[in-house]
Amino acid sequence: MLTIDKNSLSTARSSTDAHAPINLVGGIQYILRQWKRHWQAALLVFLTLFVYEMFKTFFALSLKAIIDSLQATGHPQNLAGILGALFVGFLIAFGSRWLSEKLIAQVGVQILN
């Protein structure tokens with residue numbers, strides 16, 4: 001059985017490779033270091049993506065409510081209200097997603113420059 005201690009592994013890696021292998025934690029740490037100067041934009045991106053995910057949840061629950069009311073009574077109750085809320089929610093979610101993509105692109109350009 002082959003056993004390798006950490007000291008010999010790190011010495012061998014540093015002498016042969018220019019870059020250490022990237023694992024999940026190392027990749028996340030690298031990304032966080034790159035975004036550290038842009039923490040306000042990162043927070044705004046997080047919040048806008050949260051709004052988008054909330055709309056996706058609201059959309060699924062609204063469809064469930066429409067289907068349940070169709071099965072129970074034969075006609076959907078408050079269909080106009082549900083569809084109106086879905087339309088307004090779609091506009092907000094679309095704007096939110098567009099803003100997050102724009103911010104990600106702008107910060108990405110700043111990181112690369």
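## Surface and overall layout

Accessible area here comes from the Shrake-Rupley method with a 1.4 Å probe. On that basis the chain exposes about 9,200 Å², and carbon and sulfur atoms supply 69% of this area. Keep in mind as you look around that this is a predicted model.

So what is the chain built from? You'll find 4 helices and 0 strands, and from the N terminus on the order of elements is simply α-α-α-α. Of the 113 residues in the chain, 15% are buried. Take the contacts between residues at least 6 apart in sequence: 74% of them join residues at least 24 apart.

## The nonpolar core

Which residues make up the largest nonpolar core? There are 5 residues in all: Phe55, Ile66, Ile82, Leu86 and Ala93. Helices α3 and α4 (79–112) each supply at least two residues of this core. The biggest share comes from α4, with 3 residues.

Phe55 is a good one to click on. It counts as buried because its relative accessible area is 14%, and buried means under 20%. Setting aside neighbours within four places in sequence, Phe55 is in contact with Leu86, Gly89, Phe90 and Ala93. Two of those names, Leu86 and Ala93, belong to the core as well.

## Aromatic rings

Two numbers help when you look at rings: a pair of aromatic rings is described by the distance of the centres and the angle of the planes. The model has 3 aromatic pairs. One of them joins Phe55 and Phe59, with 6.1 Å from centre to centre and 40° between the planes, which makes the pair tilted.

Both of these residues sit in helix α3, 4 residues apart, or about one turn of the helix. Their surroundings are another matter: Phe55 is buried at 14% relative accessible area, whereas Phe59 is partly exposed at 37%. Zoom out a little and you'll see one aromatic cluster formed by Phe55, Phe59, Phe90 and Phe94.

## A nonpolar patch on the surface

Not every nonpolar side chain is tucked away. A nonpolar patch on the surface is formed by Val51, Phe87, Val88, Phe90, Leu91, Ile92, Phe94 and Trp98, and together they have about 840 Å² of accessible area. Which helix gives the most to the patch? That would be α4, with 7 residues.

Phe90 and Phe94 turn up in this patch and also in the aromatic cluster. Trp98, another patch member, lies in helix α4. Is Trp98 buried or exposed? Its relative accessible area is 52%, so Trp98 is exposed; the cut-off for that is over 50%.

## Salt bridges

Side chains of opposite charge can pair when their charged atoms come close. How many salt bridges are there? The count comes to 3. Let's go through them along the chain.

In helix α3, Lys56 and Glu53 meet through their side chains, with 3.5 Å from N to O. These two are 3 residues apart in that helix, so about one helical turn separates them. Lys56 is partly exposed at 41% relative accessibility, and Glu53 is partly exposed too, at 38%. Further along, Asp68 forms a salt bridge with Lys64, and their closest N and O atoms are 2.7 Å apart. Asp68 and Lys64 also lie in α3, 4 residues apart, about one turn of the helix. Asp68 has 35% relative accessibility and counts as partly exposed, as does Lys64 with 48%.

Over in helix α4, the side chains of Arg97 and Glu101 form a salt bridge at 3.2 Å, N to O. Here the partners are 4 residues apart, so about one helical turn lies between them. Arg97 is partly exposed at 32% relative accessible area, and Glu101 is partly exposed at 38%.

## A buried histidine in a loop

One last stop: where is His38? You'll find His38 in the loop between α2 (24–35) and α3 (39–73). His38 has a relative accessibility of 11%, so His38 counts as buried.

What does His38 touch, leaving out residues up to four places away in sequence? The answer is Val107, Gln110 and Ile111.

Key:
Residues numbered from 1 in each chain as written. Predicted model: local features only at pLDDT ≥ 70, side-chain atom pairs only at ≥ 80, totals over all residues. Heavy atoms only, no water. Buried < 20%, exposed > 50% of the residue type's maximum accessible area, 1.4 Å probe, protein only. Contact = heavy atoms within 4.5 Å. Core = buried A, V, L, I, M, F, W, Y, C linked by side-chain atoms within 4.5 Å. Patch = residues over 30% accessible without salt bridge, like charges linked within 9 Å, V, L, I, M, F, W, Y side chains within 5 Å. Salt bridge = Lys/Arg side-chain N within 4 Å of Asp/Glu carboxyl O. Phe/Tyr/Trp six-rings, centres within 6.5 Å; stacked < 30°, edge-to-face > 60°.
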